[in-house]
Amino acid sequence: MNPMEYHPLTKAIRIQTERTNEMEHATPLFLTSSFQFENAEDMRAAFADETDDNIYSRFSNPSVQEFTDKMCALEGAEAGYATASGMSAIFASFMALLKQGDHLLVCNSIFGSTHTIITKYLPKYGIEYTYVSADKLQDWEAAIRPNTKMLYLETPTNPGLDIIDLEFAGQLTKKHNLIFNVDNCFATPVNQRPIEFGADLVVHSATKWIDGQGRVLGGVIVGKKELVKEIFLFCRSSGPALSPFNAWVLSKSLETLDVRMERHAANALSVATKLQGHEKLSWVKYPFLPTHPNYEIAKKQMQNGGGLFCFELKGGLESGRKFLDSLQLMSLTANLGDTRSIASHPASTTHAKLTEDERQAVGITPGLIRISVGLEYADDILNDILQALEKC
């Protein structure tokens, strides 16, 4: 079989940096800051961009390239660039492609740090923005201006797990010639491929499900070659390079991403289903529960419901604190996508910098709890939640 015909999941396992003379089976790690040349002419040609030779690990590194190539294969992308964190990937996707006078259209339900970048920092560079409601797609087209350059969204959203119709967004951006930029962190590329629905760029915090064990930070941007080239040039000069060691860890993690996400999703669906109707909860939300408002859209564009679900405690803020303090198995930490289950209270942590009105606008209520479901035995996760609910 031609290697180009292999399934993306096979490519995520078999793509590897060229074997060295040591004949290693595991991928080598290139833990170096710079690369040397045989002669002055080779060095001149590299700096003139006449060759693809490595110069400096802020620009490129074989370990980082291996991880990037695997992500491109999984997402079905033409090119990519890996960064030191998910937020540096998001920031680079804005700053490399938007300029003074441009307008950014943004789904209103996004990660808190992304909100800060958009509302506090982009305006300093003369970049305007408009938030559009995740549940009112019919209003999006009216928000497009003559200077609108990009549409940015997450799906599923953080933390409310709203599902946005990628096919609709892809058609809208094509109609108005906008850059379509999707944060695919929550779904991962084994669960959802936004490029198939018209996305031009896909960004990830590789820190989450891609690493999967809470070890390293990383980010990645993949998509159209001409757009990624501009992002690379921006990052080469501004310096948010991914550590070769972290890239090596993340590349190995991709080899198990598919099987891990199957278990995460199965556990999440099992626990969320059994929590429905609990007397202490107003609702339970998970993309593959038929009660989810966008269940049919989730089924259309996702392979499974992912590893996150959320619920609303009837007792509000105080119940949220009691719930977190009563957990015995689950972790309280500023992360998600780990082998270990994690509980968080977005109103007081990841989205605390939003105003109360902003939180309410995206469904972040005082009693909202987000669960990142790990790989533990599903009933142990459920029983920990149930015993904590009894104390709320």
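In this predicted model, Gln-387 has 14% relative accessibility and therefore counts as buried. The residue belongs to helix α13, which spans residues 378-390. Once residues up to four places away in sequence are set aside, Gln-387 touches Ser-326, Leu-327 and Gln-328. These contacts offer an entry into the interior of the model, which is followed below through its nonpolar cores, its helices, its cysteines and its empty spaces.

The largest nonpolar core comprises 51 residues. Within this core, Phe-67, Trp-140, Leu-153 and Phe-180 touch the most other members. Helix α3 gives the most to this core, with 5 residues. A second core, separate from the largest one, has 31 residues, among them Ile-163, Val-271, Leu-313 and Leu-382. The surroundings of Phe-180 may be traced residue by residue. Not counting residues up to four places away in sequence, Phe-180 touches Leu-151, Leu-153, Leu-166, Ala-169, Gly-170 and Thr-173, and also Phe-197, Gly-198, Ala-199, Asp-200 and Leu-201. One of these partners, Leu-153, is itself named with Phe-180 among the core residues that touch the most other members.

Helix α8, residues 244-254, is mostly covered, with 8 of its 11 residues buried. The buried residues are Pro-244, Asn-246, Ala-247, Val-249, Leu-250, Ser-251, Ser-253 and Leu-254. They pack against α1 (8-14), α3 and α9 (257-275). An α-helix has 3.6 residues a turn, so residues three or four places apart point the same way.

Helix α3 also figures in the contacts of Ile-15, a residue of the loop between α1 and α2 (40-47). Ile-15 counts as partly exposed because its relative accessibility is 24%. Leaving aside neighbours within four places in sequence, Ile-15 is in contact with Glu-66, Asp-69, Lys-70 and Ala-73. One of these pairs joins separate parts of the sequence: Ile-15 and Glu-66 are 51 residues apart along the chain, yet their C-alpha atoms are 7.1 Å apart in space.

The cysteines call for separate consideration. A disulfide is a covalent bond between the sulfur atoms of two cysteines. A search of the whole structure finds 0 disulfides. Why is Cys-185 without such a bond? The closest cysteine sulfur, in Cys-107, is 15 Å from the sulfur of Cys-185, which is too far for a bond; the criterion for a disulfide is a pair of cysteine sulfur atoms within 2.5 Å. Cys-392 is likewise in no disulfide, and the nearest cysteine sulfur, that of Cys-310, is 16 Å away. As for exposure, Cys-185 counts as buried because its relative accessibility is 8%, whereas Cys-392, at 21%, counts as partly exposed.

The open spaces begin with the largest pocket, which has a volume of about 840 Å³. Its lining consists of 30 residues, and those nearest its centre are Asp-52, Phe-59, Ser-60, Gln-65 and Phe-232. Three elements, α3 (62-75), β1 (79-83) and α7 (225-238), each supply at least two residues of this lining. Helix α7 gives the most, with 7 residues. By class, the lining of the largest pocket divides into 13 nonpolar, 8 polar and 9 charged residues. Helix α3 thus appears in two settings, as a contributor to this lining and as the element that gives the most to the largest nonpolar core.

The second largest pocket has a volume of about 410 Å³. It is lined by 20 residues, of which Met-87, Phe-111, Asn-158, Ser-205 and Lys-208 lie nearest its centre. Helix α4, residues 86-95, gives the most to this lining, with 3 residues. The lining of the second largest pocket holds 9 nonpolar, 7 polar and 4 charged residues.

Enclosed space is considered last. How many cavities of 30 Å³ or more does the structure hold? It holds 1, and about 40 Å³ of space lies in the largest cavity. The residues that line this cavity are Pro-156, Leu-161, Phe-186, Ala-187, Pro-287, Met-302, Gly-305, Gly-306, Gly-307 and Leu-308. They divide into 7 nonpolar and 3 polar residues, with no charged residue. In the largest pocket, by contrast, the lining includes 9 charged residues, and in the second largest pocket the lining includes 4.

Methods
Residues numbered from 1 in each chain as written. Predicted model: local features only at pLDDT ≥ 70, side-chain atom pairs only at ≥ 80, totals over all residues. Heavy atoms only, no water. 1 Å grid on protein atoms, 1.4 Å probe; cavity = no way out; pocket = protein on both sides within 12 Å on 5 of 7 lines; lining within 4 Å. Points joined across faces, edges and corners; volume = space filled by probe spheres on them. Helix = DSSP H or I, 4+ residues; strand = E, 2+ residues; numbered from the N terminus. Nonpolar A, V, L, I, M, F, W, Y, C, P; charged D, E, K, R; others polar. Buried < 20%, exposed > 50% of the residue type's maximum accessible area, 1.4 Å probe, protein only. Contact = heavy atoms within 4.5 Å. Core = buried A, V, L, I, M, F, W, Y, C linked by side-chain atoms within 4.5 Å.
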